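The following questions and answers show how terms used for a protein model are justified. Each answer sets a value against a definition and then draws a conclusion.

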2 protein chains.
Amino acid sequence: MRLTNNLQFNEKGLIPAIAQDADTGEVLMLGYMNEEALRRTLSSGEAWFYSRSRQELWHKGETSGIRIKVHSVWKDCDSDTLLIKGKATGPVCHTGNKTCFFQQLTKQEIEASHQKEA
Amino acid sequence: MRLTNNLQFNEKGLIPAIAQDADTGEVLMLGYMNEEALRRTLSSGEAWFYSRSRQELWHKGETSGIRIKVHSVWKDCDSDTLLIKGKATGPVCHTGNKTCFFQQLTKQEIEASHQKEA
């Protein structure tokens, strides 16, 4: 049985994977996995992704040293998105922030959306 | 100022948007927004997506009646993923589950990944 039998990878062979802190519920990042990244994630217990910019497998933390230790992996109802629950060994974001989602959409951005609709 | 100035939509004009329960932290679903879906989300306070299968704007709950009331919208460090924190008015998933991520990867699936690596 191949993993791909049960998961819908996109036309590039990738599936989005949300990483979430298993204790706090904080969403840490969204990465993309190919089948090999998922296999390595499951077998090693650490998150692997596929870097779309570098077009290569990417063991999260190979530069920063900050790994994501995987507790469980979930798929959604359509089997086309993964949710990785785990614990990071430090700040996940390359900016030094705990999570990559540290910027709230600004008032200016929201007003721009209203103006365009008006 | 256009919203797209600050966000990276993909080659299809879409950006993935993670919906999360603002109180419990539970990840509810991953959808895709085009610029118009994001505009309507920000102006209405309810989540809109772009349905890739139906190729049309999709006001979440237009069939089920289950809306996602948006509390805040966040972008990630690369500005290519959104995080919607909000409250759903009922079970988000079309299966009747509270979240679309109700299926943990099975032991069989994980063993399959080990075998292939061996």
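**Reasoning from values to terms**

Q: Why is Arg40(A) called partly exposed?
A: The relative accessibility of Arg40(A) is 27%. The term covers values between the limit for buried, under 20%, and the limit for exposed, over 50%. Therefore Arg40(A) counts as partly exposed. The model is a predicted one.

Q: What makes the pair Glu36(A) and Arg40(A) a salt bridge?
A: The closest N and O atoms of Glu36(A) and Arg40(A) are 2.9 Å apart. A salt bridge requires a side-chain nitrogen of Lys or Arg within 4 Å of a carboxyl oxygen of Asp or Glu, so the pair qualifies. Both residues belong to helix H1 of chain A, where they are four residues apart, about one turn of the helix.

Q: How do you know that Lys69(B) and Glu46(B) meet in a salt bridge, and what does the pair tie together?
A: The N to O distance between the two side chains is 2.6 Å, and the cut-off is 4 Å, so the term applies. Lys69(B) lies in strand E5 of chain B, whereas Glu46(B) lies in the loop between H1 and strand E3 (48–51) of chain B; the pair therefore ties together parts that are 23 residues apart in sequence.

Q: Are Lys69(B) and Glu46(B) buried or partly exposed, and why?
A: Glu46(B) has a relative accessible area of 14%; buried means under 20%, so Glu46(B) is buried. Lys69(B) has 37% relative accessibility and therefore counts as partly exposed.

Q: What makes Glu35(A), Glu36(A), Arg39(A) and Arg40(A) one network?
A: These residues are joined by salt bridges that share partners. Glu36(A) is an example: it forms a salt bridge with Arg40(A), and its side chain also meets that of Arg39(A) at 2.8 Å, N to O. Arg39(A) and Glu36(A) both lie in helix H1 (residues 35–44) of chain A, three residues apart.

Q: Why is Arg39(A) called buried, while Glu36(A) is called partly exposed?
A: Arg39(A) has a relative accessible area of 5%, which is under 20%, so it is buried. Glu36(A) has a value of 25% and is therefore partly exposed.

Q: How do you know that E5(B) and E6(B) pair?
A: Seven bridges join E5(B) and E6(B) in the antiparallel sense. Pairing needs at least two bridges, so the condition is met. One of the partnerships is that of Val70(B) with Gly86(B) in E6(B). The two strands form a hairpin with six residues between them, and Ser79(B) in the turn has a positive phi of about 55 degrees.

Q: What makes E7(A) a partner of E5(B)?
A: E7(A) and E5(B) share two bridges in the antiparallel sense; the requirement is at least two, so they pair. Gln104(A) stands opposite Trp74(B) in E5(B).

Q: In what order do the strands of the open sheet follow one another, and which are called edge strands?
A: The order of the five strands is E7(A)-E5(B)-E6(B)-E1(B)-E2(B), with mixed pairing. Strand E7 (103–104) of chain A and strand E2 (27–33) of chain B are the edge strands, since each pairs on one side only. Within this sheet, E1(B) and E6(B) run parallel and are joined by five bridges, with Ile18(B) opposite Leu83(B).

Q: Why is E5(B) described as mostly covered?
A: Six of the eight residues of E5(B) are buried. Buried means under 20% relative accessible area, so the description fits. In E2(A), seven of the seven residues are buried.

Q: What makes Asp80(B) and Arg52(A) a salt bridge between the chains?
A: Their side chains meet at 3.3 Å, N to O, and this lies within 4 Å, so the pair qualifies. The count between chain A and chain B is four salt bridges.

Q: How much area do chain A and chain B bury between them?
A: The buried area is about 4400 Å², with 63% of it on carbon and sulfur atoms. The value is the accessible area lost on putting the two parts together, summed over both. Each chain is represented in the contact by 49 residues.

Key:
Residues numbered from 1 in each chain as written. Chains lettered and ligands numbered in written order. Predicted model: local features only at pLDDT ≥ 70, side-chain atom pairs only at ≥ 80, totals over all residues. Heavy atoms only, no water. Buried < 20%, exposed > 50% of the residue type's maximum accessible area, 1.4 Å probe, protein only. Contact = heavy atoms within 4.5 Å. Buried area = accessible area lost by both parts, 1.4 Å probe.
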